[in-house]
Amino acid sequence: MLPKDKETVSGQGCKPPVTVYLGLGSNMGDSRANLQRAVALLDLHPEIKVERVSPFLETAPVGYLEQPHFLNGVLQATTTLSPQALLAAAQSIENRLGRKRTVRWGPRTIDIDILLYGDLVLKSADLTIPHPRMQERAFVLQPLALLAPELRLPGCLETVGALAQKLAHPAAEK
Ligand code: ADP
Ligand code: MG
């Protein structure tokens with residue numbers, strides 16, 4: 001067994017990895033290929049390790065309706081990046097995959113959102129975690145529930161699986 005101080009010394013300079021969940025969406029070009037490329041590029045990042053990827057689900061657009069259906073998925077990763085650096089990495093991959101920012105909620109080759117970053121709750125000018133509105137969005141909760149049904153959002157009593165069920169069967173709540 002290693003002495004305690006040895007463990008501490010070997011860990012110096014290494015930030016502990018945090019488990020994060022990222023939401024992926026695409027409705028332009030070959031959506032499945034775009035999602036797969038995004039997963040591969042995220043995993044290529046030296047400080048991001050993709051652990052698991054949900055099935056990709058086809059979903060109807062929300063917000064701006066005059067556009068093709070989306071393919072959505074969620075991945076679980078570990079990272080040593082800060083939330084800001086993770087956002088920058090995600091945006092750089094969006095740009096690399098040809099994303100143009102035109103209509104808000106409009107068509108896109110790829111959207112990468114930070115859904116959860118450990119238990120962190122954060123609100124800054126350009127980053128809100130957990131991702132705003134993820135609790136109401138079936139296209140986020142359904143793939144997330146396939147990956148991590150027992151997960152709870154910070155400060156939330158219900159599991160992701162239960163929240164996804166409620167969205168799928170709203171009548172059952174009445
Ligand atoms: P949306 O994902 O809502 O369709 P965009 O991908 O164009 O829209 O993102 C708009 C802005 O949302 C980004 O510039 C980013 O600063 C901000 N943002 C806030 N919180 C998050 C988050 N958790 N993950 C990703 N982007 C976020
Ligand atoms: Mg986004």
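Ala, Val, Leu, Ile, Met, Phe, Trp, Tyr, Cys and Pro count as nonpolar here, Asp, Glu, Lys and Arg as charged, and the others, Gly among them, as polar. Keep that in mind for the tour.

This is a predicted model, in which local features need pLDDT of at least 70, side-chain atom pairs count only at pLDDT 80 or more, and totals for chains, interfaces and linings use all residues. Residues are numbered from 1 along each chain as its sequence is written, while chains are lettered from A and ligands numbered from 1 in the order in which they are written.

**Whole protein.** Start with a cartoon view. You should find five helices and seven strands, taken as DSSP runs (helices H or I, at least four residues; strands E, at least two) and numbered from the N terminus. Reading from the N terminus, the order is α-β-α-β-β-β-α-β-β-β-α-α. Of the 174 residues, 32% are buried, meaning that 20 or more other C-beta atoms, placed from the backbone, lie within 10 Å of a residue's own (12 or fewer is exposed, in between partly exposed).

**Ligand 1.** Next, select ligand 1 and its shell, where a residue belongs if its C-beta atom, placed from the backbone, lies within 6 Å. Eleven residues surround the ligand, and D113, I114, D126, T128 and H131 come nearest. The elements giving two or more residues are β5 (111–117) and β7 (128–129); β5 gives the most, with three. Colour the shell by class and you get five nonpolar, two polar and four charged residues.

**The loop after β7.** Now step along to P130, in the loop between β7 and α4. A cis peptide bond joins I129 to P130, with omega about -5 degrees. In the loop between β7 and α4 you will also find R133, which is not a glycine yet has a positive phi of about 75 degrees. R133 is exposed, with 11 other C-beta atoms within 10 Å.

**Two helices.** Finally, select α4 (residues 138–147) and α5 (residues 160–168), whose axes come within 9 Å and cross at roughly 135 degrees. Axes are lines fitted to C-alpha atoms, for helices over the stretch in contact, with angles from 0 to 180 degrees between N-to-C directions. The two helices are therefore oblique to each other; under 35 degrees would be roughly parallel, over 145 roughly antiparallel, and 65 to 115 roughly perpendicular, with the rest oblique. Show the side chains of A138, L141, Q142, L144 and A145 on α4 and V160, G161, L163, A164, L167 and A168 on α5 to see who makes the contact (C-beta atoms, placed from the backbone, within 7 Å). By class, these are nine nonpolar, two polar and no charged residues.

Methods: Two residues are in contact if their C-beta atoms, placed from the backbone, lie within 7 Å.
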